[in-house]
Structures are given as structure tokens and as C-alpha cells.
Amino acid sequence: MSDLRDIVDNIRSILYSDVDPQPHKLEVLVNQYVAASESVNKSLRECDDLLQRGLRDEAIQRADAQNLLDEVAMLDFPEREQWADYISICGLPLPPEIEIDRAADLNEAYSVQQPLEPLLRQHRLHALAKSSLPRRIAIMRRIEQQDRNNPIWAESIKEFEHERQRQLKNAVQQAVKEQNIKTLAALEQELRSPDWTTKPAKSLVKQAIDGHTRLRHARARKELHRLQHELNDAYADFDAVRARRARARWNALSAIVDFDASDSQLLDLVGPSIQWLSELDATEAAQQEYDADLAQLRLALDDWIHDRSEFESLKTLEERLAASEAGIPEVERTRLEERYHNFYQMEAGKRRWKVIGAALSVVLLAGVTGLSVVMFIRSQELDQTVASLESLLTDGNLDGAQQFVAKLEVEDPSTFGNPRIQKVRSDLNLAVANEQTRQQNFESKLQEAREIGLTNPSWDSFAAAREVLKSAGEVANRESEVLAFNELGREIKQVEREMIAEEQEKFLTAAQELESQYENTAEDSIEELEQTSEAYARLIEWDHISEEIKRTPQEIHERIKGQIAGLRRNQMQTVMLDRITQAVGNRQAFEKRLTAAKSDSAFSGNRQSQDFASVIASDPRIWVGIEAWNEFIADFETIDLTSITPETAKELIDRSSSLMTDHPGFQHETQVKLLKDILLPVTSRVTDEGQRTDAGVVDVLTNVTIARVFYLRTTDDEWYYSNKQPSEIGGGDFRRIQYFKNLNLDTAGTQKRVNEIANPRSGTDFQWLSPQSAFSREALSLHRSLSLNNWDKTYLTMLTRLFDDAEMDPVFKFQLLRAMLQPALHGSWPLQRAFQEPEDLLATAMVNTQENYFDPDSEEGSLVRQAASDALEQLPSTAKSVEAFETAIKTMQEFKIGERYEWLGWLHLDRKSNWVCDMPERKKPSENESGGLYVIYAPSESAAPEIRSAGNLSAGQIELKEPSGGGFVAGRPVFVVVSQTPLN
């Protein structure tokens, strides 16, 4: 390409030079240009052949390989015809014509291909990535719109749509089943799109619409109940801004919900708030109308009333303002009366008048007829004399004519006196007088031109001198006069050339000084560059300097203007980049300013403009997701999971589930699943009707065989139970007990020696209250203090007390453990971690509590007691369970749902195309802050967001590092993780 430029530059140098080049050099240059033209034509023919075969991409690739169109433009330079004439005169071969028609066809192919290229690239990438069908179909539709002459796109779209409609059938059914409103909304929009080549089945469209409508109605109705409280709260606080925001949402949802009789209470509750807002709107509208009318009146009063229409307009404004509550201010009232008074006076002073004019013209024509007496001189000699004299006069030989008349007067007085001779003589005298006048005129003008052009020469005098000299030339008719005329013209021209040479020398000196000034001008100073540019502009306007000499200063001037434009562009970019930086943290403002920068001329053709557009198209939904998760995590950090209520637990589950559905990919699913595992037991502590699910525990603890039961245990391990305390008999050596004989609580009596009793001592007597009764009293007391948010520790206390009771009958301990573990664990994740193994062991133990374990003499009862004892021995230690419980509690206290990503700054390229992260002052970290930096984006519209490391924050300093998989795009936010302090 540089060789071609050199060839064309050399040709132009020859054409504009006054000196012809050496023949052999000229021949070499001609051959170079011919060879270049033939090569370009050959390439054009090759590309044209590819185009004719429909291979547009291949033709463009072939042209791009040598920048073919640039070479065509270079070889087809404006002076080409002048060059052909020049070399033709020199007898050298003419160059071939550049095949412009083929170049035009190739250029048209570019114009078709270039808009398609980004779409074709997307089509290929999504095909390789096996992207979703909707995405690929959308791209193919856009390609088909721009490449309608290619039938392949319509066929491909039809095939893809057929497969997509098959997918949509299953997707709609699944979304309806799962009641996924977001998915149904997207499916309905897709099915109702007018872009389908083959319309989807009406039944499928109806299924999507009906399913979406039902869910929208349900969700809208639920939201309306919430908005009713918000509207009334705002009304109570007279917060109009908040109330209007809630009303806007209410009106939007009301359009969705079909109110019926069941909604009357809701509408009654919200009615006062809506009425208050309506009255407020009317008041503000009236005030705005009044302010507008008053402003219009003040503007109208700044001038007098000129006609009836202005008067009527002013009257209308007066009536509207007078009818308002505020009325017309006193100042405006006074000015209004003044304008009315002036108008009435003007109307009274008008008079109509007519002017009638007449023009008379009289033309008087007079004709005078003269009589001429023709004298016939018959003398042949007179005729010849007159003819000779007239011939001399006609030829302009005035000297000869004068000599002829003088001689005639002396030699032939009679003929001389003839009227005809006197007439010719008179003409001669007039001609002589005219000649004398012409000569005087010529001499005068010649002298005037000499004085103007030579005596005190100036640029203006040359033009004036040439004008005067021209008029002198018009009257010159003698050879001496023409010579004098030409000589003076050459003298004036020579003086002008000398002045031009002197002026050019001054110009070149000034240009050299200015160029030196330009070299010392700061490249980044607009003020200095503008001063230099103005100086060059004045230099270029220097008169009497050839365009060839001015060419270099003009080029420098254009370069300076380009520098200034670039600096101003940079300034504007800096301003807009700073505005974007100031919006960091406010996604709406950030998106708005990013959009403004994308379309601004300061970024036109800039890579960053394309990046801004890419970010605006894909990232805002991610910013919404980050805000939603940050808000949820921030709220979550204030909650103690160890004392959470079922209502709060349910709300957290619903919010986390919604966030995972609406904004997936920001947090780990395992953490959300663990959170649900922790919270679900809490929600099960109460039924849908608000009843506690452990109510049966009280029934167990107050059972007749548990609460207030006495017992007598012998050293032979016989257990006797009664609802009465054993009594003394036999002088105190025996104790008698009326014990339960069977499960029906039939009684029988027996007595035992004191030395046979194994009950613990209580003072001077035995402890007769059964261990299960003692436990019942303690457990009931604890249960009365049990609330929905101290479930874990209260049940832990009851269970450890029961597990550690070594005195209790194994059968009763076995039954109490089974009865209490199930509801306790059902409502507690840490209790499940601690006692799930004991519960499983007890649930599978072969202990038949339907056998009569009350009768000490019953062999079956002994077997039941032994089986219960064996089962209890299999249980892990209480210490192990408590340790597991404490570990679970610690997990809950330190539980982290995920990271909160604080918006720190944003990415863009600096002047050297290096990535920078700009931050507003309020966001700049302190020296003791460190951590990881991240960019969060979605690789495609349908993909989940990816969180990529973007470098580090070290001691308050940013160190950017682009992820290996990409992710750095100008306009993309940079986030830092916000530390979460676990709740203790």
C-alpha cells in the first residue's frame, strides 16, 4: 500500500512541477503505475467471479487480503486524466482504465455483508455453544431480515421453530404444574410473538395465557392486601410521595385483578387513602394551572396591546385568574388596568381615510422635416475630387487629407469653395479633432496607469492600474501606442511579481516561525493549540500566496484542529466518565448515564461505546439480582437462627426460594438448601391453624401412669406402682402398697419388709414418688416456659434430664423418650443433629409396651422391662448428643447464606487502553481495607451470572487482573465482598 502511495505522490509531483523529469525516471514511474493498475484489475476480476458465483464471503475475504478497494481509490486519483494526457505527449504507453464497475459491485457486497457480519458471528458462536433455541431463532430472524435474497434462512427458521414449539408444549405444562409465574410470563410472550413463521397451536397459546393469568391474579391480589397497609400508613403520616408510589402500584395491580364482592372490605379500607390523594392531586393541578396562567399574564403585560385579538386573550387570562381562589396579585392588576386604558385610547384615535391619486401623462411628439437642396455638380472633376478626399478620410489618413485640402484651397479656390468639398472638409476637421482627443485620452490613461501601478505600487493599485491600462488599450490604434501599452503592462507585471516574491518570502518566514511555535506548544493544552490554530488560520488567509505554498501550513492547521477536536473529545469523555463514576452504587442512574455516554459523539467509533451498549443490554438484570441478594443477606445478618420464630423462618424460606428462582447463580445452592433444612423444622412447630405441634407432650406428661405415681422397688428388682403412697404396718417394719395389677390399673395389695425396699431414702423414710412423676413435674414446668423461639434449649434440657435419669423404670423411660423425641426433633434442626440416632434406635427397638409390665410377678412384664433396658443401653451417651447439639448451634450462629457484593467502582479503558477501576470519593477504600475484587456478568442472555475474580484490594489500593475467561468490559461494575459478622 505504501508503494502505491509513493507512485501516486511522485506522479502528482511531476504534474505540479514546472520542471520535467528525466526521461528514464519518467518511464520507470509509468511502468510502475501500469503494473499496479493491471494487478488491481486482475484482483477485481477475481473478486467479481466469486460474486457472480454467489460466494460473497469469499470475495470479501479475497479483497480484504490486499485492501483492494483502498488500492482502487488510490490508483484512481483525481489527476489521472491529466497524467494520461501528459504521458501521451511524452510518447509513453497509457495505463489501463481501472475497472470501476467491478469495484462498485465489490463495494456493494461490502455494504450488504458488513451489517450481517456481527449477526453471522453470533450465529456461529451460539451454534457452537448449543445455546437455547429462542436465542438462536432470534438471531436467524434478524439475519433473514437483512439478507432476504438468501432463502436458506427462512428454511432454517421454519425447522428451528418447529422444534421450539415442541419444547414449548412441555415447558408450558411444567410451568403450570410448578406455578412458575416468571416462566409462564416468558412463555406467553414468546408464544404470542408476531415473529413466528408458523403460528403455534391456539390451544397451546391459550394454556400459557390462562396459566399465567391465574397466577398473576393470585399474586396481584396478595400484593394489593400488602399495599392497603402501605397506603394507609402513608396517609397517616401525610407522606404524599410514598402514598403516590403505592397508589401507582395499586392501580397497576387493580388492572390485573377483577374485583368482586369479596373485595369490598379491602376497597373500603383503602378508600380514604385514595380519596385523599385524589383531592391532593386536584389541589396541586389547580395550583399548577394558576401558576401557568399567572406566568403567561406577566409575559403578556411586558408589551402593549396591539389589536383586538391580544385584548381578548388578555381578558381570558384575567377571567381565569380572577376566578381562582388566589385571585390576581395587586401588581399585575395595576399593570393590567394600565394596558386596558392604553388600548381604549388607541381604539378611539383610529380614523379611516382614503387617498385617491391620479397620474396624468401627456406625451407630445413633434416631427421636424427638413428640406435638403441637392446640388448637382455635374462636373466630373468635382466628383473625383470629393471621392479622393472622402477616401483619405475613410482610410484614416488625416494628414494626407489635410494636405489635399490645403493644396486644393491654393490651386483651385472655386472647387475648394464647393459645398460638397466644404462638407468633407468639415468632416475632416471633426475627425482631426476627434483624433487629437483620442491621442490625448490614450496618453492620459497611459500616464494614469503608470502613476497608479508604478509610482506607489500596492496590491490594490495593480488591479486599478490594469483596469486603467485596459481602457487605454481599447483606444490605442497606432503601432507605437500598442508598443507603449504592452511595455507598460510588462513593467506593472514585473513590479507585481517582485512584490509577490517579497510577500511569499514574508509568508514563508512567518510560516517557519509559526511551525516552530507549534513544535513548542503543549500537546495537551487546548488553549495554546487554539491560539496556534488561530494564527495558522490567519496565515492561510494571507493574500497573494499560491495554494502550493500554502499547502504545508494548511496541513498543519488541519492537524492542529484534529488535535483540538481530540482533546475536546477527551475532555467530554472525561466529564461523562466522571458522571458515570459518580453514579456508582445507584444502578438506575448508572444505567442512564452509561446509556447517555453510549450515544454521545464523544465515544463515537470508540470500543468503549460498543462495550457500554453490551453492558446495558445484558447486565442491568444482574445488578437487580445483586441488590436483591444483598438486601436479603443484610436482613439475614440481623437474625439469630437459634431464636427464630416460625413466621420469620417461613418468610426467609420464601424469600430465598424466590431469589433462587428470580436471580439464580449469585449464591451457592448448597447454602440455600442448608438454610431451608435449618428453617423447615422451625416452621413445623405450629400448624396452619396456629396450634403448636408438641401439644401431645403435655398429654403424655399428665398421664395417670406418669404424673403423681408412687412406687416401691425391691432389692429383687420388683417394681410396684400405685396412686397412693405406701403405708407403715407391723410397727414400722413393713410397708404396704396397693399397686396396679395390670394395664387396666386394677389394684392388689402387698407388703414388704423395710430391708427389702430399694427406694432411695428421703430423710427418715423412703422416696416414694416415682422417678417418672418427678420428671413429669420438672418437664411440665419447663414446658410452660417453652416458646416458639426457645424450643431448642428447652427441649435439650428436658431430654438430657430424661436421658440421664438412672432411677426411672426402663419401660417408662423408654416410653417417655419415644413420646418426647418425636415432637422435639420435628421442630428443631440442632436437636435432629443431636438425637436423631437415639430416636432411630428407639423407633426400631423390639419393646412391646402392650404387655403387662405393671405386675411384678408377670414373666411377660419382666421381659418387656429387660427389652427396654437393653434398648436404652444401646443409646449413645448424653455427652455425645449434647456435643452434637452444641456443634449444630455453632453452625447456626456462624451460618453464612453467601456473600454481599458491594459496588466499589466500574471498569473502563484509559488513554493507553489499560483497564482502570474508577471509584467515587465516597466509595474509595481506606488504607486498612483489603479483599478480593469481582466482576459479575452473564455470558449470554439466558445464562446464569458468573462471579469472576477481577483482582485484589490491598491496603486500599486497586490491583486489577482480568479473568482468564474474559469478563472485563467497559461499563461493567466492580464489586468487593462485604464481610459478615456471625451472630453469637
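## A tour of cavities, pockets, strands and helices

About 40 Å³ of space lies in the second largest cavity, and that is where our tour begins. Keep in mind as you go that this is a predicted model.

**Stop 1: an enclosed space**

To see the walls of this second largest cavity, select Leu641, Thr642, Ser643, Ile644, Ile678, Val682, Arg685, Asp792, Ser828, Trp829, Pro830 and Met892. Now colour by helix: α27 (669-683) and α32 (829-844) are the elements that give two or more residues to this lining. If you colour by residue class instead, you will find seven nonpolar, three polar and two charged residues around the second largest cavity. How many cavities of 30 Å³ or more does a search of the whole structure find? The search finds two.

**Stop 2: the largest pocket**

Next, move to the largest pocket, with a volume of about 1600 Å³. Select Arg219, Lys222, Glu223, Ser658 and Asp662: of the 30 residues that line this pocket, these are the closest to its centre. To frame the view, show α9 (181-191), α10 (202-236), α11 (240-254), α25 (620-637) and α26 (646-662), each of which supplies at least two residues of the lining of the largest pocket. What is the make-up of that lining by class? The largest pocket is lined by 14 charged, nine nonpolar and seven polar residues.

**Stop 3: the second largest pocket**

Keep α9, α25 and α26 on screen, and add α7 (133-146) and α24 (607-618): each of these five helices supplies at least two residues of the lining of the second largest pocket. Its volume is about 1200 Å³. Ser132, Pro134, Ala186, Glu941 and Ser942 are the residues closest to the centre, out of the 32 that line the second largest pocket. Which helix gives the most to this lining? The answer is α9, with six residues. By class, the lining of the second largest pocket divides into 14 nonpolar, nine polar and nine charged residues.

**Stop 4: a three-stranded sheet**

Now switch to a cartoon view and look for the open sheet of three strands, ordered β3-β4-β5 with antiparallel pairing. The edge positions belong to β3 (727-729) and β5 (747-753); each has a single partner strand, so one side of each is left without a neighbour in the sheet. Looking along the sheet, you can follow how neighbouring strands are turned by 35° against each other on average, direction ignored. Zoom in on β3 and β4 (residues 734-740), which pair in the antiparallel sense over three bridges. One residue pair to select here is isoleucine 729 with phenylalanine 734, its bridge partner in β4.

**Stop 5: a hairpin**

Select residues 900-909 for β8 and 915-918 for β9; these strands pair in the antiparallel sense over four bridges. Leucine 907 has cysteine 917 as its bridge partner in β9. Then pick serine 913, which takes a positive phi near 65° in this hairpin, where five residues lie between the strands.

**Stop 6: two helices side by side**

Finish with helix α19 (residues 459-475) and helix α20 (residues 479-519). Their axes come within 10 Å and cross at roughly 165°. Because angles over 145 degrees count as roughly antiparallel, α19 is roughly antiparallel to α20. Is the crossing of α19 and α20 left-handed or right-handed? Rotate the pair until one helix lies in front of the other: the crossing is left-handed.

Notes: Residues numbered from 1 in each chain as written. Predicted model: local features only at pLDDT ≥ 70, side-chain atom pairs only at ≥ 80, totals over all residues. Heavy atoms only, no water. 1 Å grid on protein atoms, 1.4 Å probe; cavity = no way out; pocket = protein on both sides within 12 Å on 5 of 7 lines; lining within 4 Å. Points joined across faces, edges and corners; volume = space filled by probe spheres on them. Nonpolar A, V, L, I, M, F, W, Y, C, P; charged D, E, K, R; others polar. Pairing = 2+ DSSP bridges. Axes fitted to C-alpha atoms, helices over the stretch in contact; angles between N-to-C directions. Parallel < 35°, antiparallel > 145°, perpendicular 65-115°, else oblique. Left-handed = near helix turned anticlockwise from the far one by under 90°.
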